[in-house]
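Please look over the sequence and the model shown here. The notes after it are meant for a reader who has not seen this structure before.

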Amino acid sequence: MGKTASETLAVIGLGKLGLGTAACLADRGYRVIGVDNNPAVVAAVNAGRSPLYEPGLEELMGRVRGKLTATGDYRQAIDNSGVVFIFVGTPSDPDGRFSTKDIEAVTREIAPHLKNREDFPVIVLRSTVLPGVCDDVIRPLLEKLSGRRCGVDFGLCHNPETLALGSVIHDFLNPDVVIIGESDARSGEAVSGIYQKVCAGNPPLVRTSLANAEMAKVALNVFLTLKMSFANTLAEMCEKIPGGDVDVISRVLGYHPAIGRKFLAGAIGYGGPCFPRDTRAFAAFARQTGSQAKLARAAEEVNASQAARVVRMVREKLGDLTGKTIAVLGLTYKPNTDIVLDSDSVKIAAALLGAGARLNVYDPAGMENAGKVLGRDNIRYAASAPDCLRGAELCILATPWDEFKDLKPEDFVRNMKKPVLLDCWRLLRRPEFLTRLDYLAVGLNQER
Ligand SMILES: NC(=O)c1ccc[n+]([C@@H]2O[C@H](COP(=O)([O-])OP(=O)(O)OC[C@H]3O[C@@H](n4cnc5c(N)ncnc54)[C@H](O)[C@@H]3O)[C@@H](O)[C@H]2O)c1
């Protein structure tokens, strides 16, 4: 038997976040119709395959084949769905704010299908936007192009993404917090009902205005960039104190209930598609409102200096880098993704190439994307982590993939010209590495 509109959901934008969410919703019993303007994405989804790298997604796609379908046709998706989620990208504009170009395009496609609805469809924006976009851009556009009234004939919610790439499925099903900005209570209830049905436990739901939801999401990410930049500053200072150890400092801070351990590692800079962009947008929004955003700008400044700091440490060890072979383990901006956008590991690799070094590089998932940025000159793309170490005089462990935890001291001793490890995340800080290798680490001073 076919599902009713209230049991059918539309997901517009089957990208890094939309696809995982659509698959989770289908797995929890909803019929889900995905819309994407990329025909290759539509074909992959209908074949039960994932067109992108995300742990666990390929298997989930196979399981929900038939329950999650994809199309390029908005009519088919919107006419049959009670709730429509929008997940298209909002990249940076030249002034640092988020572009609303794609969400406006999607809104124009959706609006005509609201004209003749007898029920109360709810449009839910999940993309990251700055305060005011729902009230000043999306709502007027939907009302104008549909001739219907928001809050009366249809609802509008902003339910910003708090998922992290690499753990999209887990994070969607086990959210720390669900933020729901709503045009009216009925819309908010429709969205919170979905979370109560699909999520484990009883996730905290914060229901509020559209603008507060918009602000809350950006504020969350900016706060995390402050935390990471503070931890990276601590790491740098610990390197200057005899016996200094950033792991001790962050353990102490992490015990404090007002702080917590996460995002306090003290390592290299943050990157990826969200943190740098959200911090820039926050600062731009502050300028627009006449507020100060000194902390956000400071976080950006600290972040921008991290790759050069690592290169300095390499120079202190090897001197002139011309013609020296350096191994770089890890290229993605964090583990469990293939994304290298704004990755500090790639920035470090590029700076070393610029200083005349030759590189061996290896990443479990990001080789293809890194190749597009780093090119082929003076760089060997290795087949495995041990292969990456071959002939190198220093190895930088730049991205803390779990796979690298399985490396043994022998891998370094046997393969490298000189077994020197610069461990940016102290991932291999184990006695056998400290005794058998020349072990250096970000955030550690090993003077007695
Ligand atoms: N990537 C992250 O880690 C992350 C985390 C939290 C929030 N967000 C936010 O979530 C939003 C989506 O991010 P993403 O990383 O999934 O983006 P993405 O670029 O991976 O995916 C967007 C998808 O939308 C499709 N699309 C674009 N225009 C369309 C249109 N007019 N009609 C139909 N489909 C269209 C594209 O083909 C693509 O598949 C962004 O606003 C982002 O800021 C991202």
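The points below cover the sheet, a helix packed on it, and a cavity.

The model is predicted. It contains an open sheet of eight strands with mixed pairing. A search of the whole structure finds one cavity of 30 Å³ or more.

**The sheet**
- The strands follow the order β3-β2-β1-β4-β5-β6-β7-β8.
- The edges are held by β3 (68-71) and β8 (205-208); each has a single partner strand, so one side of each is left without a neighbour in the sheet.
- From one strand to the next, the twist averages 25°.
- Strands of a sheet pair through backbone hydrogen bonds, either parallel or antiparallel.
- Strands β1 (residues 8-12) and β2 (residues 31-35) run parallel and are joined by five bridges.
- Within this pair, V11 stands opposite G34 in β2.

**The helix on the sheet**
- Helix α8 (residues 185-198) packs on the sheet.
- The strands that α8 touches are β1, β4 (83-86), β5 (122-125), β6 (155-158), β7 (178-182) and β8.
- The direction of α8 makes about 165° with that of β8.

**The cavity**
- The volume of the largest cavity is about 70 Å³.
- Its lining is made up of R126, N159, P160, T162, L163, D171, F172, P175, V177, V178, I179 and Y195.
- By residue type, the lining of the largest cavity divides into eight nonpolar, two polar and two charged residues.
- The elements α7 (168-173) and β7 are those that give two or more residues to this lining.

Definitions and conventions. Residues are numbered from 1 along each chain as its sequence is written. This is a predicted model: local features need pLDDT of at least 70, side-chain atom pairs count only at pLDDT 80 or more; totals for chains, interfaces and linings use all residues. Side-chain values use heavy atoms; hydrogens and water are left out. Two strands pair if DSSP finds at least two bridges between them. Helices (H or I, at least four residues) and strands (E, at least two) are DSSP runs, numbered from the N terminus. Axes are lines fitted to C-alpha atoms, for helices over the stretch in contact, and angles run from 0 to 180 degrees between N-to-C directions. Contact means heavy atoms within 4.5 Å. On a 1 Å grid over the protein atoms alone, a cavity is a set of points where a 1.4 Å probe fits but cannot get out, and a pocket is an open set with protein on both sides within 12 Å along at least five of seven lines; lining residues have an atom within 4 Å of a point. Grid points are joined across faces, edges and corners, and a volume is the space filled by probe spheres set on the points. Ala, Val, Leu, Ile, Met, Phe, Trp, Tyr, Cys and Pro count as nonpolar, Asp, Glu, Lys and Arg as charged, and the others, Gly among them, as polar.
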